[in-house]
Amino acid sequence: MKANFRSIKPASLVKTFGLLFCLFIATIGYAQKSPNIIILLSDDTGWGDLGPYGGGEGRGAATPNIDKMAKEGMQFWSFYGQPSCTPGRAALITGRIPNRSGMTTVAFPGDGGGLPKAEWTLASILKRKNYNTFFAGKWHLGEEDYSMPIAQGFDVMKNVTLYHLNAYTYTDPEWNADMPEDIRAQWVKGTKGALEGEAGKPYREVRKIDGKVIPFLDQYTEEESIKWLKENGKKGDKPFFMEISFAKNHQPNLPHPDFVNKSAGKNKYADCIVELDTRIGRIMDEVRNMGIAENTLIIYTVDNGTWQDVYPDCGYTPFRGTKGTDREGGSRIPTLAWWPGKIKPGVQNHDILGTLDFMATFAALSGQELPTVDREGKPTIFDSYDMSPVLFGTGKSKRTMWFYFTEDELLPGAIRIGKFKAVFNLRGDNGMATGGLSVDSNLGWKGASSYVATVPQIYDLWADPQERYDLFMNNFTEKTWFLPTVQNIIGEFAKTYEKYPPHVVQSNLYPGPITIDNYLKLREAQEKLKSLSTAKRSGGG
């Protein structure tokens, strides 16, 4: 039967179309309502330093603001970064393991290089959805113009420091009076101070940094961040993305004068924890006071595991190993997510996740797919999973495994699959290599790499999170199924390098002398390759 439009009253038509129009506008508005995103990143902060993870007041350094964030949001227990600063920051901002970007090694002043301009970053991805973007604090992703934050998707950068914190003490006579003056001059020439700038313009050095300036760096980062937030946080036309990267708690831990002896512990590290917590609290209070909390996702995380080698100027982790190793202590980090009205309060999450997953998550939250080519048009791949089902309580993490890399490992030195972990690189261990109780003394970067390539150590991280009992060599022979599983997974992973070639390593450290034996083997290999190439050409192949 045909509809009789003549029988419909004009007033009803107007009302009906009016409701449909409002619904359409509301739907469009909802679809385009991308959240504001803030990453609060601290440096080398230990898992056990913070209240939600058993530290805080119990370790002489109360963290009421971080405690509050955990109670109001989601706390992660199996969340991973990388084993050191530069790789950790590269993985976080690109969503790719550091080998792919070439950002595998900590960069020193004067090294040059940096994050390749072809890489997508969180900022450049969000710029595609019209985000205002801001960066403040420690960068540590290179010195070249193409690697600066304002060349990598950020509209504005403030108080940017390019190196690990103790690098700024090298040229300070009060710290290194015995440094020869000619060497001091070289370091001074190659070390840039705090920088600021805007996209499309040359950056500016706003202050030199030495031991006397270090205590004030996080104050400048906080002040610049809150100033930008007040000016840009309530613009209705655009959402914003901020990465706020604090200097705490990388050694040397020098608290701001306002925080000296303010901790119950009355020591520099505890004072710096209290300072970090206070500055995080002030930024979160500003978000609340501005009335934008319900459309703002805030994530607190750390770049890498804590650097236990530098006691007492270091943090604490209950896990085995330290920064620079493939052990849990090198990569497992405290992480919290807060978004009132979207993330349920007080949620404890144990899924395997990591900073690599911010890329896919932020892309999804801003309503876009991840690119299949890099910024220069070449095919690219991401190692990132969308965390939003976990954040919203609608699903589990799709990530089922984690690869661990030290700075010179192209293939993982350890791999976690579910609750099991295989460890090939025993770097830092000072106990029994295999069998029974496998303890170590956390030598970290001071310990040489030591590989067990045939039979790795195997641990059950649920029953043994400290990696103390090697299942394979402890008469649990039924666990041998894990070995071919690991080999197959690593083999498939290795193929991605062939399809998506990694960038060249951006920074190198002297690995030690080449032995005569290794030199002769290298020459022999070169001669064989040369003869094979000659034979192939002569054969017309």
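**Cavity lining, cores and backbone exceptions**

By class, four nonpolar, four polar and two charged residues form the lining of the largest cavity. The structure is a predicted model, and a search of the whole of it finds five cavities of 30 Å³ or more. The largest of these cavities has a volume of about 60 Å³. Its lining includes Q82, P83 and P87, together with P98, N99 and T104. The remainder of the lining is made up of F405, T406, E407 and E409.

The protein has 541 residues, of which 55% are buried. Its secondary structure comprises 13 helices and 16 strands. When contacts between residues at least 6 apart in sequence are considered, 72% of them join residues at least 24 apart. The accessible surface amounts to about 24600 Å², and carbon and sulfur atoms account for 57% of that area.

In soluble globular proteins, nonpolar side chains tend to be buried together. In this model, the largest nonpolar core contains 95 residues. The residues with the most contacts inside this core are L40, F76, L122, F241, Y300, F358 and F362. Helix α8, which spans residues 268-289, contributes nine residues, the largest share of the core. A further core of 30 residues lies apart from the largest one, and its members include I352, F405, F472 and V486. F405 of this further core is also one of the residues that line the largest cavity.

The contacts of F241 were examined with its neighbours within four places in sequence left aside. On that basis, F241 is in contact with I37 and I39, with L122, A123 and L126, and with Y131, N132, T133 and F134. F154 and F362 are also contacts of F241. Among these partners, L122 and F362 are, like F241 itself, listed with the residues that have the most contacts inside the largest core.

Helix α3 covers residues 85-94, and 10 of its 10 residues are buried. The buried set runs from C85, T86, P87, G88 and R89 to A90, A91, L92, I93 and T94. P87 of this helix also belongs to the lining of the largest cavity. Just after α3, G95 adopts a positive phi of about 70°.

Most residues other than glycine have a negative phi, and most peptide bonds are trans. Exceptions of both kinds occur in the model. D44 is not a glycine, yet its phi is positive, at about 60°. D44 is located in the loop between β1 (36-42) and α2 (64-72). Because its relative accessibility is 2%, D44 counts as buried. N130 is likewise not a glycine and has a positive phi, of about 70°. The loop between α5 (122-127) and β4 (132-138) holds N130. N130 has a relative accessibility of 40%, so it counts as partly exposed.

Cis peptide bonds precede two prolines, P252 and P312. The bond from Q251 to P252 has an omega near 5°, and P252 lies in the loop between β8 (240-245) and α8. The bond that joins Y311 and P312 has an omega of about 5°. P312 is placed in the loop between β9 (296-302) and α9 (328-331).

Terms used. Residues are numbered from 1 along each chain as its sequence is written. This is a predicted model: local features need pLDDT of at least 70, side-chain atom pairs count only at pLDDT 80 or more; totals for chains, interfaces and linings use all residues. Side-chain values use heavy atoms; hydrogens and water are left out. A nonpolar core is a set of buried Ala, Val, Leu, Ile, Met, Phe, Trp, Tyr and Cys residues joined through side-chain atoms within 4.5 Å. Buried means under 20% relative accessible area, exposed over 50%, partly exposed in between (1.4 Å probe, protein chains only). Helices (H or I, at least four residues) and strands (E, at least two) are DSSP runs, numbered from the N terminus. Contact means heavy atoms within 4.5 Å. On a 1 Å grid over the protein atoms alone, a cavity is a set of points where a 1.4 Å probe fits but cannot get out, and a pocket is an open set with protein on both sides within 12 Å along at least five of seven lines; lining residues have an atom within 4 Å of a point. Grid points are joined across faces, edges and corners, and a volume is the space filled by probe spheres set on the points. Ala, Val, Leu, Ile, Met, Phe, Trp, Tyr, Cys and Pro count as nonpolar, Asp, Glu, Lys and Arg as charged, and the others, Gly among them, as polar. Accessible areas come from the Shrake-Rupley method with a 1.4 Å probe; for residues, only the protein chains shown count as cover.
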